[in-house]
Protein chains: 2
Amino acid sequence: MDFLDALAKRARTIDAALDRYLPPENADPQVIHAAMRYSVFAGGKRIRPALTLAAADAVGGNPEHVLPAACAIELIHTYSLIHDDLPAMDNDDLRRGKPTNHKVFGEDIAILAGDALFTHALHLLVLGGRETGPDPVLLLTVVEEVTQACGSSGLIGGQVMDLLAEGKPVSEEDLVRIHRAKTGALFRVGVRAGAILSGAGLEQLASLTTYAENFGLAFQITDDILDVTGDEAKIGKLVGSDARNRKSTYATLFGIGEARAKADRACSDALAALDELGREADFLRHAVQFVAAREY
Amino acid sequence: MDFLDALAKRARTIDAALDRYLPPENADPQVIHAAMRYSVFAGGKRIRPALTLAAADAVGGNPEHVLPAACAIELIHTYSLIHDDLPAMDNDDLRRGKPTNHKVFGEDIAILAGDALFTHALHLLVLGGRETGPDPVLLLTVVEEVTQACGSSGLIGGQVMDLLAEGKPVSEEDLVRIHRAKTGALFRVGVRAGAILSGAGLEQLASLTTYAENFGLAFQITDDILDVTGDEAKIGKLVGSDARNRKSTYATLFGIGEARAKADRACSDALAALDELGREADFLRHAVQFVAAREY
């Protein structure tokens, strides 16, 4: 599939940038930099930062100029995974087929590595953003939106709701709220950041926001489905963990068939949102087909 | 003492602002907002944000305009205390005479409350800063400096070095590095933020930076001394915890007499740094006298 090649190419660009932007592993205190790098380079698909670059493309911007913002989004994603995996939270030993951060570095360093990745993400967003030269006001808007998306009404709020919901019956409305905060907010702000920093117009921004919200939803539903039907070797973790943790998901709440239909609908809505955009948005379109057919 | 009245007055202004700036306790998910507010309103002296306001005064600025930045500094301080107190870190049950965050809300919520306070601090810095209207470039500079001060070469790096040093003999050089990162960086950036956002000139900024570095050092040394000689009722925690945790401090490394002499020297250096500033810097001067005579 062409899209996988295109994604792999973008992932290489992003990996090289992450390596440049992160403190070197031999900088003191070394253990924290080793821990940060361990999880950042643990085999992520880089789909979120690739969408940030693609959003710049879609509005006629230069993806290189939003590379710091794209990397910041990936660092934030990594921070949230490290903290979610902690024994006090989801208590996961494996992530993408490798021992989780606290299994390798201990709980204390894992907590601090998560903290440091989030801190560094915001530092990079501002510092890197200043070097690539967008209007300072646009950069401030992005910092404002990113910190909103990561806060108690976004990423963190979603994780809290998820913890509270464990072992309890959950309504569709609750499930939508949890996923919108926990997964959706970061997809949304990642795409918006790429567009805003590239000088997108209001209509373009609205289209891309609708795209990102639906993309994030489809991505989450397929994640839930893969937890039931997936191939452990491909997805890098044990299947059935949601059922074991008595977690309500689209798959457990609706069954695979209806969950699949909901994912398909979100994919259609994501594609429809791009109708007014040209060929420059093709990466975003192909990403939807990838999610629809996702096996890992 | 006049200074304690002046500090109490500033603390009331800061407390009212923190109450306005934090999400309300009844906003969903309520438990995270309750946990954030619990530690923010657990009896802090507000010395760091008071210095941010005082730095604005010292360079002829309006302290009200840097109130969001001052509150952001206090939220960051609170986040670092919550994470430092966790069982996986210093495992403290009491802070300022009250049960620590994880004792009340559980480890999962405590980790997330720390995360959320840091996230909200940066959101507030940008959002509040935009409302009070400084040059966007100055605001970006402050976000850049704050995220630098909080990262793996600042706050987080200091906590890592502190964890690694536990139970081991530590040189004076190491101790200086740990304290400069763990305590000094936040005092330094808090003062600089107040000055930068108020349009300080380069010489003023350099003077205030030297002041803040020495103030932070004196504050840390007196903290170490109080852990040996302090009155538990006044300082709100058990004395002797550093010795029990086999932690090297200025008091354990040099003895009380020499530690006191080092604190006095830092206080003199802090005062000398203010020589070129007028009466507008008197709060900063009186703060030094307060630290020199500190009992809690």
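1. Before you look at any one helix, here's a handy yardstick: the expected span of a helix is 1.5 Å times one less than its number of residues. Keep in mind, too, that this is a predicted model. Now try the yardstick on α9 of chain A, residues 172-197. This helix has 26 residues, and its first and last C-alpha atoms are 35 Å apart, close to the expected 38 Å.

2. Stay with α9(A) for a moment. Where does α9(A) bend? Look at Gly184(A), where the bend is about 55°. As for its surroundings, 20 of the 26 residues of α9(A) are buried, so the helix is largely enclosed by the rest of the structure. Just past α9(A) you'll find Gly199(A), with a positive phi of about 75°.

3. Next, the two chains. Turn chain B by 180°, with a shift of 0.0 Å along the axis, and you can lay it on chain A with an RMSD of 0.0 Å. That's what a two-fold axis does. If you want to find the axis on screen, go to Pro136(B): within chain B, its C-alpha comes closest to the rotation axis, at 3.0 Å.

4. How many residues of chain B are in contact with chain A? There are 40, and they touch 40 residues of chain A. On the chain B side, the elements giving two or more residues are α2 (30-40), α6 (107-132), α7 (136-150) and α8 (155-165). Of these, α6(B) gives the most, with 13 residues. Sorted by class, that side of chain B has 24 nonpolar, 11 polar and 5 charged residues. And 100% of the interface residues of chain B are also interface residues in chain A, so the copies meet through the same surface.

5. On to the inside. The largest nonpolar core has 185 residues, and the members touching the most others are Ala113(A) and Ala113(B). Setting aside neighbours within four places in sequence, the contacts of Ala113(B) include Ile32(B), Met36(B), Ile82(B) and Phe105(B).

6. Compare two residues of chain A. Is Ala110(A) buried or exposed? This residue, in helix α6 of chain A, has 24 C-beta neighbours inside 10 Å; the cut-off for buried is 20 or more, so Ala110(A) counts as buried. Beyond four places in sequence, its contacts include Ala35(A), Leu86(A) and His102(A). Arg279(A) sits in the loop between α13 (250-272) and α14 (282-292) of chain A. With 9 such neighbours, Arg279(A) counts as exposed, because the cut-off there is 12 or fewer.

7. Finally, some backbone oddities. Most residues other than glycine have a negative phi, and most peptide bonds are trans. Yet the bond joining Asp28(A) and Pro29(A) is cis, with omega about -10°, and Pro29(A) lies in the loop between α1 (2-21) and α2 of chain A. In chain B, the bond from Asp28(B) to Pro29(B) is cis as well, with omega near -10°.

8. Two arginines are worth a click for their phi angles. Arg46(A), in the loop between α2 and α3 (47-58) of chain A, has a positive phi of about 65°. Arg46(A) is buried, with 23 other C-beta atoms within 10 Å. Arg96(A) is in the loop between β1 (94-95) and β2 (98-99) of chain A, and its phi is positive too, near 50°. With 15 C-beta neighbours inside 10 Å, Arg96(A) counts as partly exposed.

Notes:
Residues numbered from 1 in each chain as written. Chains lettered and ligands numbered in written order. Predicted model: local features only at pLDDT ≥ 70, side-chain atom pairs only at ≥ 80, totals over all residues. Least-squares fit on C-alpha atoms with pLDDT ≥ 70 in both. Contact = placed C-beta atoms within 7 Å. Helix = DSSP H or I, 4+ residues; strand = E, 2+ residues; numbered from the N terminus. Bend = angle between axes of the 7 residues up to and from the residue. Nonpolar A, V, L, I, M, F, W, Y, C, P; charged D, E, K, R; others polar. Core = buried A, V, L, I, M, F, W, Y, C linked by C-beta atoms within 7 Å.
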